[in-house]
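Could you walk me through this protein model with a few exercises? I am new to it, so please work out each solution step by step.

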Amino acid sequence: MASFVQLTDDEYDEIVVDDGPDNDDGVEEPKADDDVEEPNVGMTFSSEEEVRSYYMKYAKHKGFGVRKRNSRQSEDERVRWFTLVCARQGTAKSQASNILKPRQTKRVGCKARVNAVLNEDGGYTLSSVILDHTHYCSPGKARHFRCFKKLDARVAKRLEINDEAGIRTSKTFQSVIVEVGGGGEFFYAIDVGPDMRLKNVFWADARSRAAYQSFGDVITFDTTYLTNAYKMPFAPFVGVNHHGQSILFGCGLISNEDANTFEWLFESWLKCMNDRPPNTIITDQDKAMKLAIASVIPSSRHRFCLWHIMKKLPEKFGSHSRYDEIKDSLHKCVYDSLSENEFEERWAFLIETNDLRDNAWLGLLYTDRQFWVPAYVKNTFWSMNAFFDDYVHSRTTLKEFVDQYDSALWRKAENEAIADFNSFNTEIPCISHYPIEKQFQEIYTISKFKEVQEEFRGFLYLTISYLGGDGAGHTFIVGDEIKVSDGCIKRVNYFVCVYGENPLDITCTCKLFEFRVILCRHALRILAQLDKGEVPPKNILDRWRKDTKRHYVNVKSSYEATSNPERQRFDRIQNCFYKLCSNAAKTERNCVKLIGQLE
């Protein structure tokens, strides 16, 4: 009697085969259409494994994952027929405890599949084939599907041996990375003193320079990484990519932190980027940096890092008898002030209540308030992330820095490739029926759609009233409930203005779109109420889109896999010798025999 096996959603087995080396650089290389023959009804194979191997190879070539959907066995336990489907087949059943926070899913109901039946010769014949997918396929990103992930046998053995020897995984990982290293292009500038000794150096690889063309609107410049052995601050230029991840635009090692040194570094960096200054730059609160930026890139809006400023509170007031009160008042001043006037009132209260009129640090902060207070800078896009925090710190030596630099760049590039893959091959279900939410879901990366969806969740706290208008535009009052730093709820009214019709223009006094380039809940709510099926084009940012082709991903770097033919041949030979060694190591006799044959 035949038995029928229907796999549940939680039991789908993704097939794992070692399909040889993949295109590890994430670049979608052009491939001839006849590299892998398309499956068609009537194709025959000698075994079930041959069907799987063929369809896996085809799937990897086309850029989709594979899993076994169902099968039927006969009484002699032979598989009568089985189905291999696209990894995005089926529909997801949400297991999220909060329906307003649905979980990420890769299931989109894709119908692509092949069905194989046992034939008279004991092999298998394809009885049905569906080629079309309901989603985008990416050959360059196929390696990220779980079905294609398998450690090289040689690497797996090394991990096992090192684990037994107590060698940390991070050290093992570093040795694996070193093996796949290659060459890259660099722009560099060197500053030497009269005695011809090195003073300062700046460099940026080709990938960093290309990435700046896509994400050079805002950068962070950070000198808080210090290599103590040589007293040379390490200063990276960092931006934010389409996933909100940090991305590197160049690095400097400098011997001094005065205005002249910073001017040299900014000039070198600007030359590297073809004299294209960023819209905004974020730095630590430093007088020398402020002077250098005003001199070299005066058109860029300069802001101090708020986190660095607030981190100094214990240093400045830790011994003060009213430290807790000062800290609480300053936090409310900075984070709860929604307008410049509100900040001014809270600041005056902070100074008077705690008798801080003569405090030099607070006096300087107030003078520079337009450089760091959110109420003053929210009309400009600012975004920042640390790049080297997990790799370089204040105790890192130059030798360690060199070792960690490429590892950091490789890991960041790999994280971006994985995020790209997830954005194309998974999705967050919509929480509303509004077409404008669906529009963001289809074109924004996963991380940015999550931010947009947070604004849709905020609809729960909004009230709307119509203020008035004319033929040119209309104004709405949107009431919102804001949770402030002490946990209390603050009721705030914002004004949303709608102008024109085609194209539509919408603005809100909360300035979230200007500050984070994410459309706010107030504007989205008005668009939904007006039954607008699409978001105005200016409010869909190319920098957050997942479907934009960005040229920098095609640029090879020193930390990516080598294309050296000799190295590739060496790896192939080494893999073959590994299999010999693995078998010979099982017994002393085989070990001695192999060594003798090699000698």
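Below are five short exercises on this predicted model, each with a worked solution.

**Exercise 1: The chain as a whole**

Describe the protein chain by its secondary structure, its buried share and its contacts.

Step 1. Begin with the secondary structure: the chain has 19 helices and 18 strands.

Step 2. Next, look at burial. The chain has 599 residues, and 46% of them are buried.

Step 3. Turn to the surface, where about 31200 Å² is accessible and carbon and sulfur atoms account for 50% of that area.

Step 4. Finally, take the contacts with a separation of 6 or more: 62% of these join residues 24 or more positions apart.

**Exercise 2: A salt bridge inside a helix**

Find out how R52 and E48 are placed in helix α1, and whether each counts as buried or exposed.

Step 1. Check the pair itself. An N to O distance of 2.5 Å joins the side chains of R52 and E48 in a salt bridge, and the cut-off for such a bridge is 4 Å.

Step 2. Locate the two residues. Helix α1 spans residues 48-62, and because R52 and E48 sit four residues apart in it, about one helical turn separates them.

Step 3. Apply the burial cut-off, which is under 20% relative accessible area. R52 has 17% and is therefore buried; E48 has 15%, so E48 is buried as well.

Step 4. Widen the view: E48, R52 and K68 form a network of salt bridges. In total, the structure holds 20 salt bridges.

**Exercise 3: A salt bridge between strands**

Which parts of the chain does the pair E481 and R491 tie together?

Step 1. Start from the distance: the closest N and O atoms of E481 and R491 are 3.6 Å apart, and the two residues form a salt bridge.

Step 2. Place each residue. E481 belongs to strand β16 (residues 473-483) and R491 to strand β17 (residues 489-499), so the salt bridge ties together parts 10 residues apart in sequence.

Step 3. Compare with the accessibility values. E481 is partly exposed at 36%, and R491 is partly exposed at 42%.

**Exercise 4: The buried side of a helix**

Which residues of helix α14 are buried, and what do they pack against?

Step 1. Go along α14, residues 435-443: the buried residues are I436, E437, Q439, F440, Q441 and I443.

Step 2. Look for their partners. The buried residues of α14 pack against α15 (446-457) and α17 (521-529).

**Exercise 5: Empty space**

Describe the second largest pocket and the second largest cavity by volume and lining.

Step 1. Recall the idea behind the search: rolling a probe the size of a water molecule over the atoms shows where empty space is left.

Step 2. Take the pocket. The second largest pocket holds about 1100 Å³ of space. Its lining has 38 residues, with L338, I482, Y494, L512 and R516 closest to the centre.

Step 3. Sort that lining by class: 21 residues are nonpolar, four polar and 13 charged. Strand β16 gives the most to the pocket lining, with four residues.

Step 4. Move to the cavities, of which there are four of 30 Å³ or more. The second largest cavity has about 80 Å³ of space.

Step 5. Identify its lining. Of 13 lining residues, I506, T507, C508, F513 and E514 lie nearest the centre of the second largest cavity. Both β18 (505-508) and α16 (512-516) supply at least two residues of this lining, which by class comprises eight nonpolar, two polar and three charged residues.

Methods: Residues numbered from 1 in each chain as written. Predicted model: local features only at pLDDT ≥ 70, side-chain atom pairs only at ≥ 80, totals over all residues. Heavy atoms only, no water. Buried < 20%, exposed > 50% of the residue type's maximum accessible area, 1.4 Å probe, protein only. 1 Å grid on protein atoms, 1.4 Å probe; cavity = no way out; pocket = protein on both sides within 12 Å on 5 of 7 lines; lining within 4 Å. Points joined across faces, edges and corners; volume = space filled by probe spheres on them. Nonpolar A, V, L, I, M, F, W, Y, C, P; charged D, E, K, R; others polar. Contact = heavy atoms within 4.5 Å. Areas by Shrake-Rupley, 256 points an atom, 1.4 Å probe, with all protein chains shown as cover.
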